[in-house]
Amino acid sequence: QGAPTWLEAAPASAAADAAVALFAGHWEGQADGVWSAPGRVNLIGEHLDYNGGPVLPLALPHSTVAAVRARQDGVVRVVSAADLGGEPSVWQGHLSDVGPGAPEGWAAYVAGVLWALAQAGHAVGGVDAAVVSTVPLGAGLSSSAALECVVALAVADLGSLGETSADAFRAELAAACVRAENEVARASTGGMDQAASLRCTAEHALRLDSATGAVTQVPLPLAEHGRALLVMDTRAPHRHADGEYGSRRAASERAAELLGHGLLAEAVTEAGGTAEGAEAVLDRLRTAAAEAGEGADRVEELVRRTRHVISETARVHQVVSLLTSAAQGSCVGVSGVGAVACIDDVGPVLSASHASMRDDYEISCPELDVVCSAAEAAGALGARMTGGGFGGSAVALVRAGTEEAVASAVRAAALEAGHPEPAFLRALASPGASRLR
Ligand code: GAF
């Protein structure tokens, strides 16, 4: 009983009106403009960004919108209605008090970005801002990156810090946002989410090479071929997510070190894209780890983590090539000939990615496993958890028109398992951050 809950994206004009109204209710006078930055869902390539590997996110239609006015006195004042339900939260402070570890909480994603831009040599004088958002919080859909990126774009536009329509400058803004997150918010994340929010384009996924920062826009021709992406927010509490994320990152760094590489992406290159090559790298890791005095359990843990990084990298390449062939209409897939066959071939790759995250990287949880298998049982072509893991969301590739039925089945399965009721989003590949007014 009961129907699935859909989290809808607000039309840009309504979100801009809401941000302007919130601004007027808190700060005297008017904003200089209104900007928007989207959340993201990662199609494939999980926990590869900090390993220097390829990732393939797309921007969601759900975004964070900010009405912003520049200041010259170093003061930052921001009101956020992003945590819906409660009263808007207000933070005010001075840029001279912002730096590594301060401020704490969500304000780090605002003030930290101004600090990072100043650290990068830009003249940044402060802001008044009002923020609204339809990116669900804590759902693994990058609500914090959306907040960082909307602030970065607004400050860059208002201060004429660079050519905000140019991808190269957006990469610089993304780097400042990552620095804010790593140093001010003290979250040791990679750079995928900020790149997605600033550098994605409509109807494409963004193939980001995390080692170089280079991007390719990969066409995502889903709607015209009767396919769609469904995001399933488990609404499961993130258990120890920060500590677990940090320990995965540390294990990857340790494995790279034992192999004599700077980043695990170099071990992927060493494996050379073959099963034998991968086994040889993993054997070398086993030996090196044992020689370094790691215990037997730890050795096998490092092997599993590395195996995920190698296999997930191959899956990103596979999905990019399937989507590219589908868009070019030159496709011969496992399930037949033609664009639809190639798109459908993406499904099992997503499911294999989920298995790797569950078994090798060990970042899934029962809530994520249940929504993915229920989606597949209800006809989804494939499904995987997305984002950091330990809660948050999963993404399923489905036949267009089946979203409601798949969502109903997933909801029923989650409730049956005694899990929280999931919520659902339609993941239309949307543009990156922009100025609305
Ligand atoms: C989180 C992080 F913020 C990203 O940098 C990325 O590592 C992701 O988890 C896992 O792919 O979203």
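Start with the ligand: in this predicted model, its shell is made up of Asn42, Glu46, His47, Asp49, Tyr50, Thr189, Gly190, Met192, Asp193, Gly387 and Gly388. Sorted by class, that shell comes to six polar, three charged and two nonpolar residues. Beyond the pocket residues, here's a look at a mixed sheet, two helices that pack on it, and one annotated domain.

**The sheet**
- Six strands line up as S6-S5-S7-S4-S2-S16, giving an open sheet with mixed pairing.
- Its edges are strand S6 (89-94) and strand S16 (434-435), each of which pairs on one side only.
- Over at the S6 edge, strand S5 (residues 75-80) runs antiparallel to S6, and six bridges link the pair.
- If you want a spot to zoom in on, Val78 has Trp91 in S6 as its bridge partner.

**Helices on the sheet**
- Helix H2 (residues 108-119) packs on the sheet and touches S5, S6 and strand S7 (127-133).
- The direction of H2 makes about 150° with that of S5.
- Helix H3 (residues 143-158) also packs on the sheet, with contacts to strand S2 (33-42), strand S4 (57-70), S7 and S16.
- For H3, the angle is about 145°, taken against the direction of S2.

**The annotated domain**
- An unreviewed UniProt entry lists residues 23-69 as "domain: Galactokinase N-terminal".
- In the model, that stretch is 53% strand and 9% helix.
- The C-alpha atoms at the two ends of residues 23-69 sit 9 Å apart.

Key. Residues numbered from 1 in each chain as written. Predicted model: local features only at pLDDT ≥ 70, side-chain atom pairs only at ≥ 80, totals over all residues. UniProt positions renumbered as here; feature names shortened; annotations may be inferred. Helix = DSSP H or I, 4+ residues; strand = E, 2+ residues; numbered from the N terminus. Pairing = 2+ DSSP bridges. Contact = placed C-beta atoms within 7 Å. Axes fitted to C-alpha atoms, helices over the stretch in contact; angles between N-to-C directions. Near = placed C-beta within 6 Å. Nonpolar A, V, L, I, M, F, W, Y, C, P; charged D, E, K, R; others polar.
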